[in-house]
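I am opening a new page for this structure. The notes follow the order in which I looked things up.

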Amino acid sequence: MADLQLLTDDQMRQFIVNGYVLVRPGLDASLHESVFAETEAVFEKEGNPGNNLVPRIPAVQQVLDSPEVRGGLTSILGEGYYTQPHRHCHFNPPGSQGQHLHQDGSSRWSHRTRRILLFYYPQDTPEELGPTAVVPGSHFYATREGVDSFPELPLCGQAGTVAIVHYDLFHRATPNRTDRNRYMMKFLFARTAEPRSPSWKNDGPGWPADGSALDLDPSGGPDRRMYEHVWDWHRGRTANGAAEDGPAGAADSTERVAGLLAGMEDGCEGARLRAAYALSGAGSAAAPGLARLLHADSQELRRNACHALSAMGEAAVGPLIEALQGGAAEHERAEAAETLGDIGLAAQPAVPALTARLRDESDQVRAQAAEALGTIGQTDSAAGPALAEALGDESGSVRRNAAFALVQLGPHGEAAVPALGDVLHDEDRYVRGDAAQALLRIGTPRALETVLPFLETSRWCPLTTKESTY
C-alpha cells in the first residue's frame, strides 16, 4: 500500500477542538460512482445491508484502505487501530425532515479519543441534499449546552468525501430538500493501544501560545487546559502517570481546592468543566475530595469529577481503588472502574482490584471493570485469565467488553484462546466479531487454528443475489 498521509499538527489540533476532520481519498471518481450505483441497486432490491455493507459492496474497502483515510485514522487512533464490526449505510430519502441532534457515545465519560466514527459520501453532497451536520466542540459536553453553545455545521463535500468524527460529537442528518437519494456510510473504529508517542506528523511539542484561532473560547482561558490535556495524551505525555502542571497546582491552598470543588456544582457545564480541569493539576491535594464526589446523587457532578480524576492521572489511582473496593453505591464502583480505565497505563496498580470486580453483583460494575482492564492491562498477561472467565458472563455487555479488552491485550491474551473460541458462536454479533479480532491479534498457531474455521464459514459472496443465486 502507498505511504500513509498522516495528519499535520494543525489538523490534529483542529480535530481536538472541533471533534472532526475532513480527508479526501485520492481515488478515481469512477470508484465513487460505482459505489453509489451499487448502493442504489442494493437498497432497491434487498434493503439496507447493515453490518454486511463491505462484503456486499466491496469497493468501499478501497476508500478505507486509501493512504489518506488510513493516515487520518492512524494519526488519531494510533497504529493497529481496529475496524469494529458495526457499520451502517444511512439513507436520507427525498423530502426527509432530518434528525434531531444526538451523540452516539453519550454514555462514555471520557475526553480521550479511543473511538471515532467515519462518514463516507459516495455522491456529491451539497447542503440541499441533506448532509450530516455536526456541532463543532460539542464532544466535550454531556448536556444540551454543547448543542446550544456552538453553531451547527453541515459536512458537505464532493463524492468521496470522508469525515473522521469524534464518537461523542453531536450530529444529525439534515433535511433532504431534493428529489434524489442521499447515502452516507458510517463506520466505527477503535484504538487498540494507549498512546506512547505522537502518531501523526508532529513537528511542534505544545499547544500554540496564542490559541485564539483554535480554541472555541477565544479568551484562551481554562478551556485551553482541556485541549492541552487531550493533545498531551495523544502525544503520550500522560502514559507514565506524571501529573501535569496546571492552574491549580499541587501547592495550592486548601481554600483554593475547596473553592474549585464547590465550582464543580455551580454555573454552566462549561464553567464546571473548567473547574474540573483546574482541579486535575492539584494532584493528591484534590484527589480524595474528587473521589468522594463519585458517591454524589448528581450524575453530572460525578461525570465532571471523573474528568478531573482522569486528567490527574497517577495521583488519582489510590483514591479510585478505594472507591472501587468500598463504594456502597453501584454507580460509585462503576464510575471508579471507568475512570481507572480512562487513566490507562498509569493505573496498572488497579489491575488486581478491577479483576476482583469482574465478580461484582452488578452487571454495570462488571462491564466497566472488563473495559478498564483493556486499557490498563495492555503490557502484560495479568488480566488475561480473568477476562477469559468474563467471556462466560450472563450479561451481554460484560461479554462484549471482555472480548474487546482481549483485542487490546493482543498477544498478552493468549490464555483466553479457548474461551474466545467458545464465544465465536455467541448470540451477540459483536461478541463474535471482537472475539475473532482478538484471536487474530493474539496470532499464535493455536489462536489462528481457532479462528480460521470460523472465518471460512463466515465468507460472503457479493455477487450472490436473489436474481443470481449461483
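Before the entry on G263 I needed a rule for helices: a helix here is a DSSP run of H or I with at least four residues, numbered from the N terminus. I also note that the model is a predicted one.

**Entry 1: G263**

I looked up where G263 sits and found it in helix α8, which spans residues 254-263. I then listed what G263 touches beyond four places in sequence, and got R272 and A275. I also checked G263 against L273: they are 10 residues apart along the sequence, and their C-alpha atoms are 9.2 Å apart in space.

**Entry 2: nonpolar cores**

I turned to the nonpolar cores next. In soluble globular proteins, nonpolar side chains tend to be buried together. The largest core in this model holds 75 residues. I noted the members with the most contacts inside this core: M264, L290, L340, L354, L387 and L420. Helix α17, residues 396-409, gives the largest share of this core, with eight residues.

I followed up L387. Setting aside residues up to four places away in sequence, L387 touches L358, A370, L373, A402, A405, L406 and L409. There is also a second, separate core of 49 residues, and among its members I noted Y120, V147, F189 and W200.

**Entry 3: helix α12 and E322**

I asked which residues of α12 are buried. They are V317, P319, L320, I321, A323 and L324. The cover over these buried residues includes α10 (287-292), α11 (299-312), α13 (330-343) and α14 (351-356).

E322 is in the same helix, α12, residues 317-326. Is E322 buried or exposed? E322 has 59% relative accessibility, so I entered it as exposed, the cut-off for exposed being over 50%. From E322 to P288 I read 9.6 Å between C-alpha atoms, with their positions 34 residues apart along the chain.

**Entry 4: D428**

I found D428 in the loop between α18 (417-422) and α19. D428 counts as buried because its relative accessibility is 13%, and the limit for buried is under 20%. Leaving out neighbours within four places in sequence, I have D428 in contact with R399 and R400.

**Entry 5: the largest pocket**

How many residues line the largest pocket? I noted 24, with N51, N52, P85, R87 and G433 lying nearest the centre of the pocket. The space in this pocket is about 750 Å³.

I sorted the lining by class and got 12 nonpolar, eight polar and four charged residues. The elements that each supply at least two lining residues are α3 (53-56), α4 (60-64), β2 (82-92), α19 (429-442) and α20 (445-457). Of these, α19 gives the most to the lining, with seven residues.

**Entry 6: cysteines**

I looked for disulfides and the count came to zero. Why does C89 form no bond with C156? The sulfur of C156 is the closest cysteine sulfur to that of C89, but it lies 18 Å away, which is too far for a bond; a disulfide needs the two sulfur atoms within 2.5 Å.

I also checked accessibility. C89 is at 1% relative accessibility, so I entered it as buried. C461 is at 40%, so I entered it as partly exposed.

Conventions: Residues are numbered from 1 along each chain as its sequence is written. This is a predicted model: local features need pLDDT of at least 70, side-chain atom pairs count only at pLDDT 80 or more; totals for chains, interfaces and linings use all residues. Side-chain values use heavy atoms; hydrogens and water are left out. A nonpolar core is a set of buried Ala, Val, Leu, Ile, Met, Phe, Trp, Tyr and Cys residues joined through side-chain atoms within 4.5 Å. Buried means under 20% relative accessible area, exposed over 50%, partly exposed in between (1.4 Å probe, protein chains only). Contact means heavy atoms within 4.5 Å. On a 1 Å grid over the protein atoms alone, a cavity is a set of points where a 1.4 Å probe fits but cannot get out, and a pocket is an open set with protein on both sides within 12 Å along at least five of seven lines; lining residues have an atom within 4 Å of a point. Grid points are joined across faces, edges and corners, and a volume is the space filled by probe spheres set on the points. Ala, Val, Leu, Ile, Met, Phe, Trp, Tyr, Cys and Pro count as nonpolar, Asp, Glu, Lys and Arg as charged, and the others, Gly among them, as polar.
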